[in-house]
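Trainee: I am new to this structure and would like to understand the reasons behind the words used for it. Could we go through them one at a time?

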Amino acid sequence: MRRIFSQRPGRLVPLAYLVGWLTGTALLLLPAATTPGNHTGWWQASFTAMSALCITGLAVVDTATHWSPLGQVVILALVQLGGFGIMTLTSMLLFHVVRRVDHRTARLAQTETRSTITGIENIPRRILTMTMAAEGAIMVLLTGRFLCLGYELPSALWRGFFHAVSAFNNAGFALYSDNLVSFNADPFVILPICVAIVAGGLGFPVYLELLERHRGHTSRRVPSVHLRLTVLGTLALLVAGYLTFVVFEWNNPGTLGGQSWSGKALGALGGSVFPRTAGFNSIDYAQASQPTLAINFGLMLIGGGSAGTAGGIKVTTVAVLLLAVSTEIAGEAKTVFGGRKISSALTRQALAVTTLATAVVFTAILVLASLENQPLHALTFEVISAFGTVGLSMNLTPLLRPGSWAVLMVLMFLGRVGPVTVATALALHSRPRRYEVPQEDPLVG
């Protein structure tokens with residue numbers, strides 16, 4: 001096994017996810033994982049296990065009523081594993097087992113965490129520490145709120161813990177049949193969950209850099225391009241999502257129209273945060289307007305920061321492409337941001353990730369449209385939600401056929417593992433061309 005890992009480290013990620021998915025499916029098939037009076041089939045168990053492990057949140061059964069406490073514990077454990085990153089966990093285990101991480105595994109872990117190879121052995125511990133600290137803080141806030149709402153202490157603790165882990169890992173699973181719709185106007189629930197989602201979606205490299213800067217372990221005077229693009233891109237997308245809900249849903253009687261002013265403001269905030277791969281929903285998206293759905297297509301596909309709990313093609317990927325387009329329009333030769341040049345290789349990588357993602361999403365929409373007799377916009381919503389590991393739904397996923405569930409499961413897997421990881425596995429075996437060929441450019445546009 002060690003020889004396989006050292007020779008083919010790129011296979012660790014899909015292999016780890018496969019083992020986690022099969023284990024989760026087997027556990028959810030246990031009779032004790034289902035509440036009395038309900039039955040769990042293979043499709044329900046496997047879909048739920050994949051959704052939890054890929055921290056998506058799409059569900060084919062009601063998490064609150066179908067799964068017993070044991071089933072909910074299994075789901076939460078899969079969410080935690082998926083959020084922490086099976087690759088990171090595997091690197092930590094390998095390090096303790098073999099007492100070292102070979103160069104190729106380090107390179108793969110570097111891709112996952114966007115960190116330097118130096119000190120790779122400390123990354124899992126740092127990620128675990130930050131995860132536990134963030135989830136603990138959110139759990140305390142939510143538990144206090146649930147106690148105020150009249151829950152007994154054990155129930156309040158469980159609900160606070162479950163929703164804190166689900167929120168920080170951008171999973172979107174909730175212990176209520178309407179998800180968070182009944183808490184839409186409750187700032188003591190919505191605000192901590194929104195903070196946890198944004199914090200988890202920024203990505204661990206941002207926190208690792210901030211930690212290094214706080215400790216004075218870096219000589220750089222200005223933050224890195226990655227940190228600046230991630231923060232600025234996240235703020236821009238949050239503002240865009242908020243304005244979308246204010247403009248198109250403020251007076252929509254099916255979503256925010258019938259609520260108080262504060263309820264509308266919190267609903268718009270949730271509407272800007274939740275599509276960023278979180279999957280919680282405080283409104284019924286089946287009642288949302290067409291412009292809101294169109295904007296959400298983009299928000300779900302972009303997702304959050306790299307190497308974090310968020311899915312999607314990532315904020316920095318889109319930012320790099322926009323910078324490249326801006327450079328081309330300006331007629332400049334080099335892409336520059338904040339006094340730093342962005343390499344053409346990175347631009348090609350961003351273009352490859354976006355192109356592959358678009359191709360996968362389009363193909364999945366085509367397949368589902370051929371299998372289901374449902375509105376195209378609803379199928380598109382479910383497909384992008386699955387690929388972006390978002391978990392939002394127009395209440396369509398439980399009604400789909402098992403063949404369509406299989407398509408969504410593949411999308412969740414691809415969305416979580418990511419084309420970059422696959423490309424990294426290929427790059428480890430790439431060989432540089434030792435000769436040049438004549439240049440000839442075709443017409444474009």
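Mentor: Let us start with the largest cavity of this predicted model, which is lined by Asn-170, Ile-197, Val-198, Gly-201, Leu-202, Thr-234, Leu-238, Val-273, Arg-276, Gly-303, Gly-304 and Ala-310. Helices H10 and H12 (225-249) are the elements that give two or more residues to this lining, and H10 provides the largest share, with three residues.

Trainee: What makes this space a cavity, and what is its volume?

Mentor: The word applies because a 1.4 Å probe fits there but cannot get out. The volume of the largest cavity is about 70 Å³, and the structure holds three cavities of 30 Å³ or more.

Trainee: How do the residues of its lining divide by class?

Mentor: The lining of the largest cavity has six nonpolar residues, five polar and one charged. Gly counts as polar and Arg as charged under the rule used, so Gly-201, Gly-303 and Gly-304 fall among the polar ones and Arg-276 is charged.

Trainee: Which residues lie nearest the centre of the second largest pocket?

Mentor: They are Ala-59, Ser-177, Asn-179, Asn-281 and Asn-395, out of 26 lining residues. This pocket has a volume of about 460 Å³, and its lining comprises twelve nonpolar, eleven polar and three charged residues.

Trainee: Why is Asn-179 called buried?

Mentor: Its relative accessible area is 12%, and buried means under 20%, so Asn-179 meets the criterion. Asn-179 is placed in the loop between helix H9 (153-168) and helix H10 (187-201), and it has a positive phi of about 60° although it is not a glycine.

Trainee: What can be said in the same way about Lys-314, buried or exposed?

Mentor: Lys-314 has a relative accessible area of 15%, which is under the 20% limit, so the residue counts as buried. Its phi is near 90°, a positive value in a residue other than glycine, and its place is the loop between helix H14 (290-302) and helix H15 (315-330).

Trainee: How do you know that Asp-186 forms a salt bridge with Arg-145?

Mentor: The closest N and O atoms of the two residues are 2.9 Å apart, and the cut-off is 4 Å, so the pair qualifies as a salt bridge. Asp-186 lies in the loop between H9 and H10, while Arg-145 belongs to helix H8 (residues 123-148), so the pair ties together parts that are 41 residues apart in sequence. A search of the whole structure finds one salt bridge.

Trainee: Why is Asp-186 described as buried, and Arg-145 as partly exposed?

Mentor: Asp-186 has a relative accessible area of 9%, which is under 20%, so it is buried. Arg-145 has 22% relative accessibility, which lies between the 20% and 50% limits, so it counts as partly exposed.

Trainee: Where does the pLDDT stay under 50?

Mentor: It does so over residues 97-101, for which the model has eight contacts beyond four places in sequence, and over residues 112-117, for which it has 21 such contacts. Where pLDDT is low, the predicted coordinates should not be read in detail. For the chain, the average pLDDT is 84, and 84% of the residues score at least 70.

Key: Residues numbered from 1 in each chain as written. Predicted model: local features only at pLDDT ≥ 70, side-chain atom pairs only at ≥ 80, totals over all residues. Heavy atoms only, no water. 1 Å grid on protein atoms, 1.4 Å probe; cavity = no way out; pocket = protein on both sides within 12 Å on 5 of 7 lines; lining within 4 Å. Points joined across faces, edges and corners; volume = space filled by probe spheres on them. Helix = DSSP H or I, 4+ residues; strand = E, 2+ residues; numbered from the N terminus. Buried < 20%, exposed > 50% of the residue type's maximum accessible area, 1.4 Å probe, protein only. Salt bridge = Lys/Arg side-chain N within 4 Å of Asp/Glu carboxyl O. pLDDT = per-residue confidence, 0-100. Contact = heavy atoms within 4.5 Å.
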